[in-house]
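Hi there,

Here is the structure I promised to pass on. Please have a look at it first, and then read my notes below.

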Number of protein chains: 2
Amino acid sequence: MEKQVVGVPEPTLRRLPLYYHYLKAVFEKGREHISCTHIGRDLDLDPVQIRKDLSFTGIRGLPKVGYQIEALLGAIEEFFGYNRVDEAFLVGVGNLGRALLGYEGFSRYGFKIVAAFDQNPDLVGSEIHQISVLPIEKFADLCRRMQIKIGVITVPEQQAQKVADIMVESGIKGIWNFAPVALKVPEEVVVENEIIASGLAVLTKKIQTSLRFNSKKQEVAK
Amino acid sequence: MEKQVVGVPEPTLRRLPLYYHYLKAVFEKGREHISCTHIGRDLDLDPVQIRKDLSFTGIRGLPKVGYQIEALLGAIEEFFGYNRVDEAFLVGVGNLGRALLGYEGFSRYGFKIVAAFDQNPDLVGSEIHQISVLPIEKFADLCRRMQIKIGVITVPEQQAQKVADIMVESGIKGIWNFAPVALKVPEEVVVENEIIASGLAVLTKKIQTSLRFNSKKQEVAK
DNA sequence: TAGATTGTTAATCGATTAACAATC
DNA sequence: TAGATTGTTAATCGATTAACAATC
C-alpha cells in the first residue's frame, strides 16, 4: 500500500551508500577520476546501472575520463545529509540495542543516537557506550523538548507496537524498526523495517538453490 | 550481474518471514483460519499480493474460509527449513558480532552460530553468550571438520575481503555480510549483504520527502 | 442461495538492460 | 584522429495491481 514519494528509486537509494564507501576508499588511495566500467568491475554491478544511479547525484561525468571522485563524494554526502547530524532515540537495550548504541560508524552517516530507553529498572540509570539509559516514561517529554524526529525500535516483537505508539504520540517522524512486525502508524510517519529474518531467509534459500544447481552441473559434467 | 535462481521472487522471500511471525501470533491466539483480506488489513499489504505470495507455499485456501493457519505455518517452516538447524561461524567479535552471538531469535529460524573468531588475542579464549571465541587461524581447519557451510562477517570493512577469502577457501557456501563492501567471491558462493547504511539512507530520505510533502499539504490547506 | 474469498489471466508499472549517438 | 566512455532513448523483464470467473 505504501507509496514511494522520493524521486529516486529505492534500489538506487540502497546502492548509493555502497558507491560512497567504495569511492571513499578509492579516493583515499589517491585516485581522482573513475569510470563506471571501473566501478562496475570492482562492485560487480552493471556499468549502465551505475551511470543511471550516479546521474541522480547531479554530477556529470566526462567521456573518456569518468567522474571526479571528490565531486561524487560531496554530492552523495549532500544528498543524504551526511554532514548534518540527525539525532535519534533508541528503545530496547537488549543485545541488538547495545550494538547499535556502540556502533561508531553512524557518525559517518550523520546519525547519532543521543539517548536510550528501557523498561528494565536494572538498566535504567546506566550508561552504555556513553549513552544514558532512561526509563521509557521519560520518552515523550524528552523527545518533544529535544525535538527528536527519529526513533529506533529494538524491543521484542510483542512490545514493538506499544513503543511505536509512544513514539508517534511524542512527535517522532521516522521509525527504524528492527522488530519483525508491521507497525501501525499514521501515514505521515515513515517506517523503515530492518528485518533480520528476511535477510537470513534469502541467504539460506539462495544457498539451497545454489547447492542444487551446482550439483546438477557436476552431474551433467560426468 | 547476479542472477536469482530461486523460483520464488526475492520480494516474496522477504515477506514470507513477516507472514510467518504474524500467523504464528494469530494462531497462538486460537484462530484457525484466516483470509488474505484480514492479513492485508493487519500487515498493510495488498490482499492480492498476499495471495500470490502464499501460493508459493503450496497451501491452497478455501473461498469464503481462507487459509488454514497451521498448514501455512508448517509450509513456511518447511520451505525455509526452520525445523532443521544450519550451523554457522561468525568472524568479528565487535558490537554487532556480539549482538548476533546473543540473539536468541535465530533458533526459530533454524540458524545457529556455533563458534566465533577474532584476531584480537584479548578476546580469543573467552566465551560470549556461551559461544567460544577462537583465533582466526583455526577457522579453516575447524570449518572443514565441522562441515560448516555458512559464514557471518561482522568485521570492519577493511578486513571483510580478507575474511571472505578465508571463508571461501575453507568451503563456506554462503556468506552473510554485514560490512559495507562488495565482496569478491567465486560465483558458486552466495553472498547476502546486510548493509545497515542502506536502511538508514532510505529512512532519512523518506523522512525528508515526507516532511516536505506534509508541509506542502499544510500550505495548500491554508 | 448470495456473497465473501479464492486462484488465474491480463494490464500496468517501474526498474534494469540494450542500443546508439555525442564527445572528450 | 580513434576509441573509451558518457548520457539518453527504447526494449525488456519482472513484480505488482486489476479484472474476473470459480466456488465454498
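Before the notes, one term: a residue is near a strand if one of its heavy atoms lies within 4 Å of it, and helices are DSSP runs of at least four residues, numbered from the N terminus. Please also keep in mind that this is a predicted model.

Let's begin with DNA strand D. Which element gives the largest share of the surface near DNA strand D? That is helix 3 of chain B, with 3 residues. In total, 20 residues surround DNA strand D, and the closest are A:Arg51, A:Arg60, A:Gly61, A:Lys64 and A:Tyr67. By type, the residues of this surface divide into 9 nonpolar, 4 polar and 7 charged.

What does the protein meet on DNA strand D? Of the strand's atoms within 4 Å of the protein, 71% belong to sugar or phosphate, and the rest belong to bases. Some individual contacts are worth finding in your viewer. A:Arg51 places a polar side-chain atom 2.9 Å from a phosphate oxygen of DNA strand D. For A:Cys36, a polar backbone atom is 2.9 Å from a phosphate oxygen of the strand. A:Lys64 also uses its backbone: an N or O atom there lies 3.2 Å from a sugar or linking oxygen of DNA strand D. As for elements, those that give two or more residues to the surface near DNA strand D are helix 1 (10-28) and helix 3 (47-55) of chain B.

Now to DNA strand C. It has 20 residues around it, of which B:Cys36, B:Arg60, B:Gly61, B:Lys64 and B:Tyr67 come nearest. Sugar and phosphate make up 73% of the atoms of DNA strand C that come within 4 Å of the protein. B:Arg60 has a polar side-chain atom 2.8 Å from a sugar or linking oxygen of DNA strand C. Backbone atoms take part as well: a polar one of B:Cys36 is 2.9 Å from a phosphate oxygen of the strand, and a polar one of B:Lys64 is 3.2 Å from a sugar or linking oxygen.

Which helices each supply at least two residues of the surface near DNA strand C? They are helix 1 (10-28) and helix 3 (47-55) of chain A, together with helix 2 (36-43) of chain B. The residues of this surface divide into 8 nonpolar, 5 polar and 7 charged.

Finally, a word on confidence. Chain A has a mean pLDDT of 93, and 94% of its residues reach 70 or more. Over residues 1-5 of chain A, however, pLDDT stays under 50. Where pLDDT is low, the predicted coordinates should not be read in detail.

Best wishes

Conventions. Residues numbered from 1 in each chain as written. Chains lettered and ligands numbered in written order. Predicted model: local features only at pLDDT ≥ 70, side-chain atom pairs only at ≥ 80, totals over all residues. Heavy atoms only, no water. Polar contact = N/O pair within 3.5 Å; in protein donor to acceptor, adjacent residues only side chain to side chain. Nonpolar A, V, L, I, M, F, W, Y, C, P; charged D, E, K, R; others polar. pLDDT = per-residue confidence, 0-100. Contact = heavy atoms within 4.5 Å.
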